[in-house]
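Visitor: I'm new to this one. Could you pick a single part and take me through it slowly?

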Amino acid sequence: MNEGQVADVIIIGAGIIGAACAQALARRNVKVLVLDAGWHGATAAGMGHLLVLDDNPAELALSQYSLQRWRELAPALPASCAWRNNGTLWLAANAEEMAVAHSKYLNLLAHGESCELIGRTALHQREPELRPGLEGGLLIKGDGILYAPAAARWMLDAPNIRQQRAQVSEVDGARVRLDDGRWLSAEAVVLANGIQATELCPELPIEPKKGHLLITDRYPATITHTLVELGYVTSAHNASGPSVACNIQPRPTGQLFIGASRQFGTVDPQVEGWMLAKMLKRAVEYLPGLAHLNGIRAWTGFRAASPDGLPLVGQHPQRKGLWLAVGHEGLGVTTAPATADLLVAQLFDETSPLAAQPYLPQRFLGEPAHA
Amino acid sequence: MPDLFLDGRPLYVANGTSVAAALALGADGCSRTSVSGQRRAPLCGMGICQECRVLIDGRLRLACQTLCLDGMHVQTRP
Amino acid sequence: MNEATDLLIIGAGPAGMAAALAATSSGAHIVLLDDNPLPGGQIWRDGPQANLPSAARHLRDQLRNCTNVRCHAGTRVIACAADKTLLVEDAERGWQIRYERLILCTGARELLLPFPGWTLPGVTGAGGLQALIKGGLPVRGERLVIAGSGPLLLASAATAKHQGAQVVRIAEQASRGAVAGFAGQLPRWPGKFFQSFSLFDSHYRTDTHVVEALGRERLEGVRLHQQGKTIELACDRLACGFGLIPNTQLGQALGCAIEDQALAVDAWQATTRREHYAAGECTGFGGSELALVEGAIAGHAAVGNSAAAQQLWPRRARWQGFARALNTAFVLDPRLKALARSDTLVCRCEDVPYGELVDHENWREAKLASRCGMGACQGRVCAAALEHLFGWTPPLPRPPFSPARIETLLELEETPPT
C-alpha cells in the first residue's frame, strides 16, 4: 500500500522538538504531518527548565540563542504553558564550587548573559529557606520554566499542521512505513522522537539516561528561583554511575518540583525507591524545610543522550531525505526553538542563525554518502 | 476535652472528635480553597479524596483521619 | 525504627480484624495496620457519635487481649521498600516493615460521580457522610438528602437520623423492581432481613437520582429526577454515593492480579502472588459478613491452618450469594453517565472540567493535556469516575502510593537492591 505524498514534511514525534520544528515549518507555509505513537517521552516527563548551559561553546551558543527565542515566543504562549522568567540560582556549597560559579559568571558575562554573583549573606536574603552555610551562588536572570506538554500542543495547533496518532515501523529516506503497512512519503522526513529514534535508526549513538522526579503538594511559596547545585554540572556530565544533584523548581501552582537523578543502562520506567531517596536526600540537604512537605507524585523519564551531550541536527549523511533532530539529553525543552531554526535553515539551504557545524550528525555518522 | 485552634480561634470538642468534624463545629465546615478559588469541605470521609487536607501544626494532613488533640493548630486558609 | 513481623495485615476493618484473630492462635507475630485513627474500617468506624454493634466491640476487645498482635493506627503504606518490605508513615515518623506473609484488607471506597454542584461544601459521599457523623460532625436539625445506590444509603440515613438529622429524601437510582427483587431474596440471609426492616425509611424512593446540587457558596438544595419527574428539595446536606469500588492499588503495586476490578483470590484467599493474601471488599463488594469470613479464611491460611480455613468455606459461599444478589440489584443506570455538564469539575484536585476531558482518547492523554489526576488524590476519585464514564483504564499505582512527607521517603534504603 502506498499513500503517496501526504505532506511536504513528515515529522516523527510530537514532543517539544517535533512540535517546534513543525511550527517553524508551518510558518513558512510548509504542509506538515506530525506522527506520534502516543508513548509520551521526555517532554511529558521533564521539568521544563529553560536554562543557559556553558559546558562548551556549542552548548552555550545553542541554549543562549534558544532562550532568546523562548523569550520572544513568551507573549504568545497560552497561560497553560505556565511560562515564568524566574531565573536559575546555581548554588555553591563550598569555596571550590564558588570558584566554578565565578568562572561561569565571567564566561556568561562575556557572552552577554545577564547574571549576578551572589555572596553568602545575599544568598540568604534572596532565598531564606536555603540551609545556612552555603558559600554563595550565581543567578542567571534570563532562565525560566515552562510546562512543556502545553507548549508542544500550542506549537502544533496551526493550520498547516496535521497530527496523526501512528506508530512508524520503518523509515526509508523521505518516506515512512506505518505499523499497519502503509507507506507515506514527503519531501523530507524529520526524526524527532527522542529516545525511540534508535528503533528506526539503530546507527544513531543515542543512549537513554533515566531520571526520577517528584512533585510536592501546593504550599505557600517559599522559594522563587529554580535552585540547582553547581555540583550538577559535574554529576550530570562526568559521572558514569548513578548520580543525583539538587534541582528544585518552584511551580506557579505553589508546588515544588524536585530532581534530578541520572542512571545509565536501564529502560525500566519504574520509580526506584533507592534512587528516589538518594535524590530527595540531596534536595533536603540544600532546602531542609522540604522534609516536612508532602510529596504527591513521583515518576521517571528518559533523556536521549548523545556521546558529546549535543543534539544531532541535520540531514542523515547516509539516508537522503531523512533529517535528524534528536539527542537533546536534558536540554530539549530549552533548545527546541534553536533546533527548529537550525533544521529549517538547512532544509531551505539558508544561512543558519548560528553555526550548524557542531550539531551536524556527520560527527558521529561519517561524511555524506549522497550528493 | 481537646482545646485546639481553628484558623486561630480556640475551640473545645469532645474526646475522639475528628478534625473534619471540628471544622463544622468551629466554623463553616470548609477545609481548603481549591485551585480555582472555591472553598471545599470534606467529601469522602475516609482518607481517599484529599479534599479535607488542612495544615495541622504546619503539616498537611487529612482532617477526616486525624483526631483533635490539645493544643493543635489547624489552618484552612494558609 | 524498622520492624519485622511474621504476618502483616493492611486494613483493620472487619476482614483485617478477623484475619488477625484467626491467625493469632498460631503464635505468629502479627502487625495490623490501618490509616484511620481507630480500628473498625468504614462499617465499624468508632467515634463520639458512633454506635458500635456488640460484635464489633467483642472483636476489638479480643484483639486487644492478643499479646502477639501489634496495631498501628493512623498509619499508611507509602511504598514498597524491598522484597516483602513496605515503607509506612504515621503522623510522627516513617519506617519500614518487613513481613513473611501479607494479607491485604484494604476495603473499598465509594464511587463518586461528577454532577453539577458536587463540589459545593455540604455535598459528601453517602458513606462519607456516615463516617463524618461518626467522627463528630454535627447534623442535628439539618435537612439531608441521601442519593446514589445501594444499601449504604439506608445505613447512612439511619446514622444521620440517630444524630438528630431530618432525612427528607433517600434517592435510590435502581428501579423499584430491582430493589423489590433484592428485598424478596433477603429472607435467605435472616440477619440482613431484620437489618433492612430497621433501616427502612418512608422517604425512600426508587428510580430517583440526583441531577444537580444547588447553591452558591454552599449547598442550599438539590434537583432530583424522581420517577420521571424533576423535583427540587431544599436541604443542608447532600450525601451521594454510587456504590463501592475495591481499593486494589497496593495489591497491584505488589504484583497481585486483578479480576473484575478487584484483587483476584483463590479458595484460600490467596492472591496470584505467593504468600500474599487478600480478603474483604478489596476482593469484591459483599458486605461485612462476607468480609469477616474471608478475613478469617485468609488469617488461617496465612499461618498454614488449612483445616480451619476450609471449615469456613460453606459460610463464605452463603455470603457470596448475598453479594451476588446485591451487585445485580444495584447496577448503575447508564443515565448517570450523563450528569456532568461541560463546566462540571471532574478532577477536584486540579479543578479540571468535564469539557476539557471528553474529547481525549485515554486517561494518560487527558491527564497530560489537562492536569486531571495530577493532584493529591492521585486520580483515586477522578480516574475511578472516568473509568465508569468513558471506560478509561485508571493509572497503575506508583510510589508514593499516598501523599507522604519527603522525610518518610528518605527512610528508603539508598542502595539498589541486589
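Guide: A quick term before we start: a residue counts as partly exposed when its relative accessible area lies between the buried range, under 20%, and the exposed range, over 50%. This is a predicted model, by the way. By that scale Cys80(C), with a relative accessible area of 28%, is partly exposed. Its sulfur sits 9.7 Å from the closest cysteine sulfur, which belongs to Cys256(C), and that's too far for a bond.

Now for the part I'd like to linger on: the place where chain A meets chain C. Here 34 residues of chain A are in contact with 30 residues of chain C. Together the two chains bury about 2700 Å², and carbon and sulfur atoms give 57% of that. On the chain A side, Trp274(A), Ile296(A) and Arg297(A) supply 22% of the area that chain A buries against chain C, more than any other three residues.

There's plenty of polar pairing too. The interface has 15 residue pairs in polar contact, and four salt bridges cross between chain A and chain C. One of them joins Glu414(C) to Lys281(A), whose closest N and O atoms are 3.4 Å apart. As for which elements of chain A give two or more residues to the side touching chain C, they are α6 (148-156), β14 (207-216), α9 (273-286) and β18 (294-305). Helix α9(A) brings the largest share, eight residues. Sorted by class, that side of chain A has 18 nonpolar, nine polar and seven charged residues.

Note on methods. Residues are numbered from 1 along each chain as its sequence is written. Chains are lettered from A and ligands numbered from 1 in the order in which they are written. This is a predicted model: local features need pLDDT of at least 70, side-chain atom pairs count only at pLDDT 80 or more; totals for chains, interfaces and linings use all residues. Side-chain values use heavy atoms; hydrogens and water are left out. A disulfide is a pair of cysteine sulfur atoms within 2.5 Å. Buried means under 20% relative accessible area, exposed over 50%, partly exposed in between (1.4 Å probe, protein chains only). Contact means heavy atoms within 4.5 Å. Buried area is the accessible area (1.4 Å probe) that two parts lose on being put together, summed over both. A salt bridge is a side-chain nitrogen of Lys or Arg within 4 Å of a carboxyl oxygen of Asp or Glu. A polar contact is a pair of N or O atoms within 3.5 Å; within protein, one must be able to donate a hydrogen and the other to accept it, and residues adjacent in sequence count only if both atoms are side-chain atoms. Helices (H or I, at least four residues) and strands (E, at least two) are DSSP runs, numbered from the N terminus. Ala, Val, Leu, Ile, Met, Phe, Trp, Tyr, Cys and Pro count as nonpolar, Asp, Glu, Lys and Arg as charged, and the others, Gly among them, as polar.
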